[in-house]
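User: Hi! I have a model open and would like to walk through it with you. Could you help me get my bearings?

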Amino acid sequence: MEPGEAVGNYIVEATLGEGGMASVYRVRHRALGSAHALKVLRPELARSAHLRARFLHEGQVLAQIHHPGLVRVTDVVDPPGVAGLVMDLLEGRDLERRLRDGPLPVDEAAGILLQALATVQTAHAAGVIHRDLKPANLFLVESEHPVGVRVLDFGIAKLRGQDQTREGGTMGTSPT
């Protein structure tokens with residue numbers, strides 16, 4: 001997607017990041033003028049009805065769980081060939097990028113960990129298991145004091161009682 005491109009009620013402003021399954025864009029609502037993040041499943045994956053449904057299911061699941069450590073999903077865009085989740089736009093950086101600046105002070109690291117654990121506990125209580133927790137999926141909202149933490153990327157999350165992994169398949173990030 002390119003800046004100026006329309007997707008549903010949103011206009012793409014910039015690319016924020018790209019992952020293995022999806023890209024994230026800064027978008028603006030056409031009528032309201034509000035800024036949001038739009039997570040869009042890669043086009044080659046959006047052609048699979050199974051992957052498309054699973055991706056949109058992530059939005060449905062997250063919209064049902066209310067916790068300050070989760071990014072709110074506020075809308076879905078689902079025109080032909082596109083599967084997208086509209087979310088709150090966050091300002092800051094992920095923990096992986098922060099760690100490139102050097103080690104964290106112990107009290108700051110403990111605060112980040114405690115916030116992430118509280119978020120994951122809430123997800124688990126709702127029957128959702130993340131399955132890919134890593135520094136890149138912990139977003140630091142540095143404008144909050146203390147630093148706010150949002151757990152990101154529930155794209156491969158599992159609902160307790162559902163088997164979504166294909167036999168012989170793996171989920172999550174491979175250790176390197």
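User: For starters, how much of the chain counts as buried?

Analyst: Happy to help! This is a predicted model, and 38% of the 176 residues in the chain count as buried. About 9,900 Å² is exposed by the chain, with 55% of that supplied by carbon and sulfur atoms.

User: And how many helices and strands are there?

Analyst: The chain has four helices and eleven strands. As for contacts with a separation of 6 or more, 52% of them are between residues 24 or more positions apart.

User: Let's do sheets. What is the strand order in the six-stranded one?

Analyst: The order is β1-β2-β3-β4-β6-β5, in an open sheet with antiparallel pairing. At the edges are β1 (6-7) and β5 (73-77), each of which pairs on one side only.

User: How does β1 attach to β2?

Analyst: Two bridges join β1 to β2 (residues 10-18), and the two run antiparallel. One pairing to look for is A6, which stands opposite I11 in β2.

User: Now the other end. What does β6 pair with there?

Analyst: β5 is joined to β6 by four bridges, running antiparallel. D75 has V86 in β6 as its bridge partner. The two strands form a hairpin with six residues between them, and G81 in the turn has a positive phi of about 85°. For context, most residues other than glycine have a negative phi.

User: And which strand is joined to β6 besides that one?

Analyst: That is β4 (residues 35-41), also antiparallel to β6 and joined to it by four bridges. Here A37 has M87 as its bridge partner in β6.

User: Are the faces of β6 covered or open?

Analyst: Both faces are covered. G84 and V86 are buried on one side, while L85 and M87 are buried on the other. That fits the general pattern, in which the side chains of a regular strand alternate between the two faces of the sheet.

User: Switching to the three-stranded sheet: what is its order?

Analyst: It is an open sheet with the order β7-β9-β10 and antiparallel pairing. The edge strands are β7 and β10, each pairing on one side only.

User: How many bridges does β9 make with each of those?

Analyst: With β7 (residues 93-94) there are two bridges, and with β10 (residues 148-151) there are four. On the β7 side, R93 is the bridge partner of L140 and D94 is the bridge partner of F139. On the β10 side, V141 stands opposite G148.

User: What about the stretch linking β9 and β10?

Analyst: Those strands form a hairpin with six residues between them. P146 has its place in that loop, and a cis peptide bond joins H145 to P146, with omega about -5°. In general, most peptide bonds are trans.

User: Good to know before I set up any restraints. Which residues of β9 are buried?

Analyst: L138 and L140 are buried on one side of β9 (residues 138-141), and F139 and V141 on the other, leaving both faces covered.

User: Let me zoom in on L140. Why does it count as buried?

Analyst: L140 has a relative accessible area of 1%, so it falls under the 20% cut-off for buried.

User: Which residues does L140 touch, ignoring its sequence neighbours?

Analyst: Leaving aside neighbours within four places in sequence, L140 is in contact with E91, G92, R93, D94, L95, R98, I112, V147, G148 and V149. L95 is 45 residues from L140 along the chain, yet their C-alpha atoms are separated by 6.4 Å.

User: Helices next. How long is α2 from end to end?

Analyst: α2 (residues 49-64) has 16 residues and reaches 23 Å from its first C-alpha to its last, close to the 22 Å expected at 1.5 Å a residue. Buried residues in α2 include L51, F55, L56, V61 and L62. R52, R54 and E58 are also among the buried residues of α2.

User: Last one: where is there a nonpolar patch on the surface?

Analyst: Look at L113, L114 and L117, which form a nonpolar patch with about 320 Å² of accessible area together. L114 is found in helix α4 (residues 106-125).

User: And why is L114 called exposed?

Analyst: Its relative accessibility is 59%, so L114 is over the 50% cut-off for exposed.

Terms used:
Residues are numbered from 1 along each chain as its sequence is written. This is a predicted model: local features need pLDDT of at least 70, side-chain atom pairs count only at pLDDT 80 or more; totals for chains, interfaces and linings use all residues. Side-chain values use heavy atoms; hydrogens and water are left out. Patches are made of residues with over 30% relative accessible area and no salt bridge: like charges are joined within 9 Å, nonpolar side chains (Val, Leu, Ile, Met, Phe, Trp, Tyr) within 5 Å. Accessible areas come from the Shrake-Rupley method with a 1.4 Å probe; for residues, only the protein chains shown count as cover. A salt bridge is a side-chain nitrogen of Lys or Arg within 4 Å of a carboxyl oxygen of Asp or Glu. Buried means under 20% relative accessible area, exposed over 50%, partly exposed in between (1.4 Å probe, protein chains only). Two strands pair if DSSP finds at least two bridges between them. The expected span of a helix is 1.5 Å times one less than its number of residues. Contact means heavy atoms within 4.5 Å.
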